[in-house]
Amino acid sequence: MICVIACTNRPNSNSLKISEYYIKLLQQLEVSCTLIDLNKLPENYLFSALYHNQGKDEIFNSIKTVIAEAEKFVFVVPEYNGSFPGALKAFIDGLDYPASFKNKKAALIGISSGVMGGSLALSHLTDILNYLGMHVLASKPRITRIEKTFVDGEINDALVKELISIQVNDFLKF
């Protein structure tokens, strides 16, 4: 099973919209997949689910079960202040180490309002996932100027659309 993660807790985020787009692509290929939207994390999970409270938050525990059962992950990563959202780092920190990601596979997509498409965010996240023992697909499409490139549920840049399609196919073989 592939788990697609919308990597911000911002409500109605572009990360969620691109995650849903990616899931449609996987479903068209009849691939089993699920979505984790970090906006659905418990409001106070930093205090209810981490460290001395590990295992006490039922909502977070159910998300950890999905992570444990998934074999592959797609991270849809928005750029926040030159990196990825803190909510994603806290989410990763709350998962079981190293079992959650060790020897599993990941694909990353960067998104941003600017022209870099989250390049720094993807680099930072790749370093962390490698540290956790995860294998990261080299192909990392970046969606720049997200508000203009993704409109009404569709990517209107032919190159970006093609790069994501290539990534999907490569990831299924990965």
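Q: In which helix is the place of L163?
A: In this predicted model, L163 belongs with L159 and I166 to a nonpolar surface patch, whose joint accessible area is about 250 Å². L163 itself is partly exposed, at a relative accessible area of 37%. The helix that holds L163 spans residues 158-173 and is α7.

Q: What distance does α7 reach from its first C-alpha to its last?
A: Helix α7 consists of 16 residues. At 1.5 Å a residue, the expected reach is 22 Å. The modelled value is close to that, at 23 Å.

Q: Within what arc do the buried residues of α7 fall, seen down the axis?
A: The buried residues of α7 are V160, I164, Q167, V168 and F171. Viewed down the axis of α7, they line one face of the helix, because their directions fall within an arc of 100 degrees.

Q: Which residues are exposed on the other side of α7?
A: The buried residues of α7 pack against β1, α1, β3, β4, β6 and β8. Exposure requires a relative accessible area over 50%. On the other side of α7, the exposed residues are A158, L159 and K173.

Q: Which elements are included in the cover of the buried residues of α4?
A: Helix α4 runs over residues 86-94, and its buried residues are A87, L88, A90, F91, I92 and G94. The elements that cover these residues include β1, β2, α2, α3, β3 and α5.

Q: Why are K89 and D93 separated by about one helical turn?
A: The side chains of K89 and D93 form a salt bridge, with N and O 2.8 Å apart. Both ends are partly exposed, K89 at 34% relative accessible area and D93 at 38%. The separation is about one helical turn because K89 and D93 lie four residues apart in helix α4.

Q: How many residues apart are K64 and D96, which link distant parts of the chain?
A: K64 and D96 form a salt bridge in which the closest N and O atoms are 3.2 Å apart. K64 lies in helix α3, whereas D96 lies in the loop between α4 and β4, and the two are 32 residues apart.

Q: Is K64 buried or exposed?
A: A residue counts as buried under 20% relative accessible area. K64 has a relative accessibility of 13%. Its partner D96, at 38%, is partly exposed, whereas K64 is buried.

Q: How many salt bridges are counted in the model?
A: Two of the pairs are K64 with D96 and K89 with D93. E154 and K161 also meet in a salt bridge, at 3.4 Å from N to O; E154 is partly exposed at 40%, and K161 is likewise partly exposed at 36%. The count comes to three.

Q: Which peptide bond is cis, with omega near 0 degrees?
A: Most peptide bonds are trans. P98, found in the loop between α4 and β4, follows a bond that is cis. That bond runs from Y97 to P98.

Q: What is phi of E30 near?
A: Most residues other than glycine have a negative phi. E30 lies in the loop between α1 and β2 and is exposed at 76% relative accessible area. Its phi is positive, near 60 degrees.

Q: What is phi of N81 near?
A: N81 is located in the loop between β3 and α4. At 85% relative accessibility, N81 is exposed. Phi of N81 is a positive value, near 50 degrees.

Key
Residues numbered from 1 in each chain as written. Predicted model: local features only at pLDDT ≥ 70, side-chain atom pairs only at ≥ 80, totals over all residues. Heavy atoms only, no water. Patch = residues over 30% accessible without salt bridge, like charges linked within 9 Å, V, L, I, M, F, W, Y side chains within 5 Å. Areas by Shrake-Rupley, 256 points an atom, 1.4 Å probe, with all protein chains shown as cover. Salt bridge = Lys/Arg side-chain N within 4 Å of Asp/Glu carboxyl O. Buried < 20%, exposed > 50% of the residue type's maximum accessible area, 1.4 Å probe, protein only. Expected span 1.5 Å × (residues − 1). Arc of directions from axis to C-beta. Contact = heavy atoms within 4.5 Å.
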